[in-house]
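This report describes the packing, strand pairing and charged pairs of one protein model. The sequence and structure come next, followed by the description.

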Amino acid sequence: MPASASTTLRGELTSQWSNPSDILSLLLIIGPDVVRGAVAQLSGSLITPVCFSFGWVAYAFTTAAALAGSGTLMPETDVPCKVINTRSGYVRDNRSWLVGRVLRDCEPVLDREALCIKVYDCLDETARQTSLVFGFKDAIWWVSVIIVLAQLAISAIPWAVYGDWSILLITGAGTLLALITGALPQWKAEKFACRKNSKKIVAITPGNGSRFVMVVRGNGHTMDIEDLASIQSPKLGYVWDGCGYFTKLVSSDVGTNMVLAGGKPGIGDRSTTSQRRRKAIMLKRLPLDFCFTRLICTTLALCWVALLISTSSLKKHSWYLVLVGGMGMVQNALVSAVARDAKTRGFHLHEAKDLRGEKVMNVLMDLERFIPGVAPSLRDEFFPGKLREDEESWWAGDRDKYDTVRFNGSKGDSVSTIVETVTIDKVA
């Protein structure tokens, strides 16, 4: 290689590594799925501290395209599972990202156990206030806030040392655009689109062949998990009731029990109460909040393009922006995958019972003894075929003979282990 060519190549490499401005524009368009998962994890309140990072430009355009089609912001569930109404026996495939993550994060580490069933009670309002987690702000949320502030501090170094404020401008603009994206009310509308104060007892499980089942007793204090599992389109007006920016107060008469003149229940005039609630304002059959989200996301996509062009014009101190973007990328990746307490997802759960054993049928029978009427729907899921004669007798009510055999461990049948936890409130 001629000396001049070698010198030119060495100079180009030195220039690129000392100021990698060209690669920055490329880095900003990778990793949109990670950004989407991070926003989904932390969304639900006005401030969603997802860091400015590489991938936001591509994410902004995929989001704008999704809103023009299906209209959704939340990602699809990455934990396939089923939600079973234990009273009716109705089974539905879960499509909710939120429900799938709750199941994943509650799953225990198992050894030889064939099945583990954890029974959870939803806490009342008094118990919620004693929770260590206030709202959606847990350690992950606060660490994310600290990283955002650290990014801004690092980007201010070139301004303080060299008088170059371009890195701070780009970082500040990217952070602002990211915060606006997380503050959109559609995240909350989609994430928690369900009826509230549910009294249902539902089971969540990956299905036949899996080793873990969550049984959640609503007790009138939680979201309707069956509703959540089916996910509702943000194009429907009732999804936005009470959580959108563009809503109006309406009055509705709610009928109660029939009452007699003396105030005793019976056949007579229907007692009604007037309730006021916030209802979404519609614009040509679409909620005005949804139209607002479309407009904002399209505007944000154009702003990200402008930021991308500005980034490509950097001539010096680019390593500071690489460091800022790298910190944000790590934060996005960790936040999108990290396990979080169910409280941070809106489920204030208390573990009431832990049933596990080396024989699936034994664990289901112990669940039936603990909460009568709940286990048959799970039995049909895990044993869709014909049961043995002694098992049929047990489920028909003749339990003494089979219990004697399984409690004595005959023929290698293991007895399920019941791990009880100390309750901190009255279990309904």
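## Strand 5 and its partners

Strand 3 (residues 115-122) and strand 5 run parallel and are joined by six bridges. The model is a predicted one. In this parallel pair, valine 119 is placed opposite valine 215 of strand 5. Strand 5 also pairs with strand 4 (residues 201-205), here in the antiparallel sense and over four bridges. In that pairing alanine 203 is the residue opposite valine 215. Strand 4 and strand 5 form a hairpin, with six residues between them. Glycine 207, in the turn of this hairpin, has a positive phi of about 120°.

How many of the six residues of strand 5 are buried? Six of the six, in the run 212-217, are buried, so strand 5 is largely enclosed by the rest of the structure. Phe212, Met214 and Val216 point one way from the strand, while Val213, Val215 and Arg217 point the other way. Both sets are buried, Arg217 included.

## Nonpolar cores

Nonpolar side chains tend to be buried together in soluble globular proteins. The largest nonpolar core in this model has 40 residues, and the members that touch the most others are Phe52, Trp56, Trp187 and Trp304. At least two residues of this core come from each of helix 3 (32-42), helix 4 (56-68), helix 7 (139-155), helix 9 (166-182), helix 10 (186-191), helix 12 (288-312) and helix 13 (318-337). Helix 12 gives the largest share, seven residues.

Setting aside neighbours within four places in sequence, tryptophan 304 is in contact with Phe52, Trp56, Val57, Ala60, Gly174, Leu177 and Ala178. A second core, separate from this one, has 26 residues, among them Val79, Cys106, Cys116 and Ala229.

## Helices 7 and 9

Helix 9 has 17 residues and reaches 25 Å from its first C-alpha to its last, close to the expected 24 Å. Its buried residues are Ser166, Ile167, Ile170, Thr171, Gly174, Thr175, Leu177, Ala178, Thr181 and Gly182. Seen down the axis, these fall within an arc of 165°, so they line one face of helix 9. Leu169 and Leu176 are exposed on the other side of helix 9. Gly174, Leu177 and Ala178 of the buried set are also among the contacts of tryptophan 304.

Helix 7 has 17 residues as well, and reaches 24 Å from first C-alpha to last, close to the 24 Å expected. Trp141, Ser144, Ile147, Val148, Gln151, Ile154 and Ser155 are buried in helix 7. They cover an arc of only 145° around the axis, which puts them on the same side of helix 7. The face turned away from this buried side carries the exposed residues Ala139, Ile146 and Leu149. What do the buried residues of helix 7 pack against? They pack against helix 3, helix 8 (157-162), helix 9 and helix 13.

## Salt bridges

Side chains of opposite charge can pair when their charged atoms come close. With a cut-off of 4 Å between side-chain nitrogen and carboxyl oxygen, the count comes to 23 salt bridges. Three of these pairs are listed below.

| Acidic residue | Basic residue | N to O distance |
|---|---|---|
| Glutamate 381 | Lysine 82 | 3.1 Å |
| Aspartate 354 | Lysine 118 | 2.8 Å |
| Aspartate 224 | Arginine 195 | 3.6 Å |

Glutamate 381 and lysine 82 meet in a salt bridge. This pair links distant parts of the chain, with glutamate 381 in helix 15 (residues 375-382) and lysine 82 in strand 1 (residues 82-85), 299 residues apart. Glutamate 381 counts as buried, at 11% relative accessibility, whereas lysine 82 counts as partly exposed, at 24%.

Aspartate 354 and lysine 118 form another such pair. Aspartate 354 is in strand 10 (residues 349-357) and lysine 118 in strand 3, 236 residues apart. Aspartate 354 is buried, with a relative accessible area of 3%, and lysine 118 counts as buried at 7%.

Aspartate 224 and arginine 195 make up the remaining pair in the table. Aspartate 224 lies in the loop between strand 5 and helix 11 (225-230), and arginine 195 in the loop between helix 10 and strand 4, so the pair ties together parts that are 29 residues apart in sequence. Aspartate 224 is buried, with a relative accessible area of 4%, but arginine 195 counts as exposed at 52% relative accessibility. Salt bridges with shared partners join Arg92, Arg195, Lys200, Asp224, Glu226 and Asp227 into one network.

Note on methods:
Residues numbered from 1 in each chain as written. Predicted model: local features only at pLDDT ≥ 70, side-chain atom pairs only at ≥ 80, totals over all residues. Heavy atoms only, no water. Core = buried A, V, L, I, M, F, W, Y, C linked by side-chain atoms within 4.5 Å. Buried < 20%, exposed > 50% of the residue type's maximum accessible area, 1.4 Å probe, protein only. Contact = heavy atoms within 4.5 Å. Pairing = 2+ DSSP bridges. Expected span 1.5 Å × (residues − 1). Arc of directions from axis to C-beta.
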